[in-house]
Amino acid sequence: MTKLWMLLRNVAVCFPMAVLAETQQPGLVQGSVIGSDTNAPIVRAAIEIRPLLSGGRIGKTIRGDTDQKGEFVLAGIPPGAYMLTAKRAGYQEVTYTTGTSTSRERKFTLKEGEAKSLRLRLTPLGVVGGTVSGPDGRPLGHATVMLSHYRMVEGVRVLVPEREV
């Protein structure tokens, strides 16, 4: 009789949880991807949504692509916290962020049955080319060229080296 009672108790506890998990309405994530330089749609950009699980773990990636209008729809997404990225050859990969300019989060939360609409801007990658010449105008051999960019560091604009080639 004790084993039967324990079995019935476990069924009574687990059954409502199983029903609740099955009745949660999935949401959908939709949006568009445009070029930061032209505002034109980016066709065939790869969209990846990664569930953020407890303990800093990342769940199974859900993938999609943008259509001819640069738009995407990923349906059947369970409620939870996610990280979304967009990438395309020739562009810098971008991760969707929320928050303010001083406090950015690389995640978003999808509620039960919610339709989240996002817009991402991809920045085209550039190529730097040329010839390093000496004072006489002739090409220099074994010259070092450094690519740099400006970044704000504690409120001060600082030139930061990007890469040495």
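A residue counts as exposed when its relative accessible area is over 50%. Glu154, at 81% relative accessibility, is therefore an exposed residue. The structure described here is a predicted model.

**Overall make-up**

The protein contains one helix and 13 strands. Along the sequence the helix comes at the start of the pattern, and the strands follow it: α-β-β-β-β-β-β-β-β-β-β-β-β-β. Of the 165 residues in the protein, 22% are buried. Among contacts with a separation of 6 or more, 57% are between residues 24 or more positions apart. The protein exposes about 12,200 Å², and 55% of this area is supplied by carbon and sulfur atoms.

**Salt bridges around Glu48**

Side chains of opposite charge can pair when their charged atoms come close. Searching the whole structure gives four salt bridges. A network of such bridges links Glu48, Arg50, Arg63 and Lys87. The table lists bridges that involve Glu48.

| Pair | Closest N to O |
|---|---|
| Glu48 and Arg50 | 2.4 Å |
| Arg63 and Glu48 | 3.2 Å |
| Lys87 and Glu48 | 3.8 Å |

Which parts of the chain does the pair of Arg63 and Glu48 tie together? Arg63 belongs to strand β3 (residues 62-65) and Glu48 to strand β2 (residues 46-51), so this bridge joins parts that lie 15 residues apart in sequence. The bridge between Lys87 and Glu48 has a salt-bridge distance of 3.8 Å, N to O. Lys87 is in strand β5 (residues 80-87) and Glu48 in strand β2, so this pair ties together parts 39 residues apart in sequence.

Is Glu48 buried or exposed? Glu48 has a relative accessible area of 7%, so it is buried. Arg50 is also counted as buried, because its relative accessibility is 17% and the limit for a buried residue is under 20%. Lys87 has 30% relative accessibility and so counts as partly exposed. Arg63, at 58% relative accessibility, counts as exposed.

**Aromatic rings**

A pair of aromatic rings is described by the distance of the centres and the angle of the planes. Two aromatic pairs are found in a search of the whole structure. One of them is the pair of Tyr96 and Phe108, which is edge-to-face, with 5.9 Å from centre to centre and 85° between the planes. These two residues are 12 apart in sequence and the pair links distant parts of the chain: Tyr96 is in the loop between β7 (94-95) and β8 (98-99), whereas Phe108 is in strand β10 (residues 108-110). Phe108 is buried, because its relative accessible area is 4%. Together with Tyr82, the residues Tyr96 and Phe108 make up one aromatic cluster.

Another ring has a charge placed over it. The charged end of Arg157 sits over the ring of Tyr150, at 3.7 Å from the ring centre.

**A nonpolar patch on the surface**

Which residues make the nonpolar surface patch of about 210 Å²? The patch is formed by Val132, Leu140 and Val145. Leu140 is located in the loop between β11 (115-124) and β12 (146-153). With a relative accessibility of 46%, Leu140 counts as partly exposed, because that class lies between the limits of 20% and 50%.

**Residues with positive phi**

Most residues other than glycine have a negative phi, and most peptide bonds are trans. Two residues with a positive phi are described here.

His142 is not a glycine, yet its phi is positive, at about 60°. His142 lies in the loop between β11 and β12, the loop that also holds Leu140. With 86% relative accessibility, His142 counts as exposed.

Glu154 likewise has a positive phi, of about 50°, although it is not a glycine. Where does Glu154 lie? Glu154 is in the loop between β12 and β13 (156-164). As stated at the start, Glu154 counts as exposed, at 81% relative accessibility.

Notes
Residues numbered from 1 in each chain as written. Predicted model: local features only at pLDDT ≥ 70, side-chain atom pairs only at ≥ 80, totals over all residues. Heavy atoms only, no water. Helix = DSSP H or I, 4+ residues; strand = E, 2+ residues; numbered from the N terminus. Buried < 20%, exposed > 50% of the residue type's maximum accessible area, 1.4 Å probe, protein only. Contact = heavy atoms within 4.5 Å. Areas by Shrake-Rupley, 256 points an atom, 1.4 Å probe, with all protein chains shown as cover. Patch = residues over 30% accessible without salt bridge, like charges linked within 9 Å, V, L, I, M, F, W, Y side chains within 5 Å. Salt bridge = Lys/Arg side-chain N within 4 Å of Asp/Glu carboxyl O. Phe/Tyr/Trp six-rings, centres within 6.5 Å; stacked < 30°, edge-to-face > 60°. Lys NZ or Arg CZ within 6 Å of the ring centre and 35° of its normal.
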